[in-house]
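Hi,

Here is the structure I promised to pass on. Have a look at it first, and then read my notes underneath.

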Amino acid sequence: MITTTDLTKVYRSRGREVTALDGVDLHVREGEVYGVVGRSGAGKSTLIRCVNLLERPSSGTVTVAGQDLTALAGRGQRANAALRQARSRIGMVFQHFNLLSSRTVRDNIELPLEILGVSGKERTRKALELLDLVGLSAQAKAYPAQLSGGQKQRVGIARALAGDPKVLLSDEATSALDPETTRSILQLLRDLNRQLGLTVLLITHEMDVVKTICDSAALMKGGRVVESGTVSELLATPGSELAAELFPVGGEPSGPDRTVVDVTFHGEAATQPVISQLSRTYNIDISILGAAMDTVAGKQVGRMRIELPGRFEENVVPIGFLREQGLQVEVAAVADAVDSDGLQEAAGLAKDGAQ
Amino acid sequence: MSWSEMQPLLSDACLDTLFMVLWSTVWTVVVGLPLGVLLVLTGRGGLLQNVLVNKVIGAVVNIGRSIPFIILMVVLIPFTRFVVGTSIGPSAAVVALAVGGIPFFARLVETAVREVDHGLIEAVQSMGGGTWTLVLKVLLPQALPSIVAGLTTTVIALIGYSAIAGAIGAGGLGNLAIVYGYQRFETGLMVVTVIVLIVIVTLVQLIGDLVARRLAPRGTSRAQTPVRIRLPWSARTAQEATIAKP
């Protein structure tokens with residue numbers, strides 16, 4: 001639904017060049033919720049603004065719903081009629097809502113319809129319908145300043161949907177909201193995604209957002225996408241930074257001659273009580289050093305760091321057992337371990353084994 | 001000079017002043033408003049960024065603002081004669097007042113429009129809005145309370161200028177104060193004229209504040225602050241008025 005190919009954006013000011021995007025290839029499938037995460041300055045904001053060409057990419061192409069926007073826009077800096085038409089089919093919501101304080105909630109939602117040239121009666125009908133959809137029917141005549149943050153974002157979402165878009169871009173839509181409001185807004189986005197078949201591309205720095213609603217995710221660093229894929233694909237990727245950030249586990253071994261293992265649960269295997277099976281089958285004591293688990297769509301997903309007694313060589317069989325259960329197992333290379341050489345070797349061995 | 005003698009002089013002068021201020025305000029808005037908006041649009045990072053146009057308009061505005069009004073009037077005499085056919089009287093003064101008021105107001109409009117949150121521009125661009133849509137539906141409505149406040153300041157400045165214009169034959173209250181009050185030693189008339197000017201300025205400020213308050217976005221803290229009635233002769237009265245209307 002959204003494809004960017006080799007997208008670059010270079011800002012030039014006073015002879016200095018800053019590369020905000022450095023060859024970004026992104027592919028968002030129709031009907032999915034796609035999250036782009038990264039720290040501030042990683043280029044997320046620039047990326048999402050390049051999708052509807054609020055920022056003109058320095059090179060590369062952007063295709064939304066089969067339409068090559070970069071070709072459509074031509075060379076001029078100002079948005080031509082064709083680009084404006086295409087933009088009206090792409091909804092966008094913002095971190096700071098960006099509602100017009102001079103207009104009522106209903107008039108704010110009518111604004112995109114005014115731009116589309118919809119007649120007055122039809123505008124009102126559509127605006128009230130959208131307000132109903134986001135659960136704000138009672139606030140139609142209120143002004144934005146009279147609403148709470150969550151309500152403002154609901155208005156922002158209703159406004160973004162006014163042009164019946166196929167694609168919704170969300171620029172840190174929940175970053176200015178408290179955790180509870182964030183959840184309700186994410187739930188709304190999820191519902192809209194399911195009900196309307198809306199494709200959502202969102203950028204965020206909150207891993208929770210990705211965990212809660214995203215089907216796929218990409219990690220950006222220094223203007224590049226360093227990892228991307230569906231959330232379960234990412235979890236299945238050994239050494240995935242995004243998976244580690246989504247389900248962070250920590251914990252140091254409690255003493256020498258211990259083997260620390262990171263176990264990733266996803267898919268069918270996650271439904272089995274593997275840890276207790278392991279303990280019973282091999283009669284070993286397992287300590288859990290850290291775990292980040294979540295139930296997504298009724299299945300446990302997450303990662304756990306466990307400690308087995310003895311060195312890696314003594315634990316080859318139990319680790320093999322875990323792998324047999326369809327779990328992804330990595331032997332963690334814990335720094336400052338007493339026998340660090342052995343552990344690193346073991347980690348190397350484990351990676352070879354995984355491949 | 002008795003009141004019955006003063007009264008016709010005063011009412012004539014008042015009408016002249018109002019005529020001058022009204023028409024010069026109309027021209028100031030008609031020309032100054034687009035000019036102010038254009039200053040923002042053509043500025044750095046503006047929607048119609050154009051360094052040359054921006055520099056030219058900026059320079060013209062700065063020149064207009066830096067020439068003292070009394071000099072400006074004299075300099076403009078040939079132009080005024082060309083436009084209205086005469087260089088004395090209220091009609092002639094309107095030309096000079098408008099030329100003086102336009103750059104003044106344009107800068108105030110520029111400041112007001114520049115204050116509009118860039119996020120709003122981005123939001124409306126993302127809906128497919130073009131430059132006209134942005135100006136008419138975002139920039140002007142959002143900046144309107146500040147623009148009205150700027151207009152109030154401009155009108156008051158124009159009232160002041162019109163009094164200066166009176167000194168060189170434009171008629172109006174300024175002329176009355178100079179010709180009768182000063183040159184014929186009619187101190188009473190001078191005092192009355194000054195009081196009339198104070199009343200007019202106060203009324204304009206009051207109306208301007210009220211309108212700006214009405215236009216301010218509802219539910220914001222700005223809209224909740226009471227109108228401050230600034231009466232020039234008593235700071236205490238103003239405070240009391242503020243407290244009396246919470």
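Before the notes, one term: a polar contact is a pair of N or O atoms within 3.5 Å; within protein, one of the two must be able to donate a hydrogen and the other to accept it, and residues adjacent in sequence count only if both atoms are side-chain atoms. With that rule, domain 1 of chain A and domain 2 of chain A have zero residue pairs in polar contact, counting pairs where both residues are at pLDDT 80 or more. Please keep in mind that this is a predicted model.

First, how far to trust it. The model scores are ipTM 0.81 and pTM 0.81. Chain A has an average pLDDT of 86, with 92% of its residues scoring at least 70. There is a weak stretch, though: residues 335-355 of chain A have pLDDT below 50, and in the model this stretch has 14 contacts beyond near neighbours in sequence. Chain B also averages 86, and 88% of its residues score at least 70. In chain B, pLDDT stays under 50 over residues 221-227, for which the model has 13 contacts beyond four places in sequence. It also stays under 50 over residues 231-246 of chain B, with twelve such contacts. Where pLDDT is low, the predicted coordinates should not be read in detail.

Now back to chain A and its domains. The assignment puts domain 1 at 2-236 and domain 2 at 248-354. Taken over C-alpha atoms, the centres of domain 1 and domain 2 of chain A are 39 Å apart. Four residues of domain 1 are in contact with eight residues of domain 2. Between them, the two domains of chain A bury about 460 Å², and 64% of that is on carbon and sulfur atoms. On the domain 1 side, A:Lys211, A:Leu235 and A:Ala236 lose the most area to domain 2, together 92% of what that side buries. As for salt bridges, the rule finds zero across this domain interface.

What about the two chains: how many residues does each bring to the contact? Chain B gives 24 residues and chain A gives 24 residues. The area buried between chain B and chain A is about 2,000 Å², of which 59% comes from carbon and sulfur atoms. Six residue pairs are in polar contact across the chain interface, both residues being at pLDDT 80 or more. The count of salt bridges between chain B and chain A is two. B:Lys137 meets A:Glu114 through their side chains at 2.6 Å, N to O. A:Arg49 pairs with B:Glu122 in a salt bridge at 2.7 Å, N to O.

Over all chains, a search of the whole structure finds 21 salt bridges. One within chain A joins the side chains of A:Arg12 and A:Glu17, at 2.9 Å from N to O. A:Arg12 counts as exposed because its relative accessibility is 61%, and the cut-off for exposed is over 50%.

Last, the cysteines. How many disulfides does the structure hold over all chains? Zero. A:Cys50, for instance, is in no disulfide, and the nearest cysteine sulfur, that of A:Cys214, is 20 Å away. Is A:Cys50 buried or exposed? A:Cys50 counts as buried, because its relative accessibility is 0%.

Cheers

Notes
Residues numbered from 1 in each chain as written. Chains lettered and ligands numbered in written order. Heavy atoms only, no water. Disulfide = S-S within 2.5 Å. Buried < 20%, exposed > 50% of the residue type's maximum accessible area, 1.4 Å probe, protein only. pLDDT = per-residue confidence, 0-100. Contact = heavy atoms within 4.5 Å. Domains from an automatic or database assignment. Buried area = accessible area lost by both parts, 1.4 Å probe. Salt bridge = Lys/Arg side-chain N within 4 Å of Asp/Glu carboxyl O.
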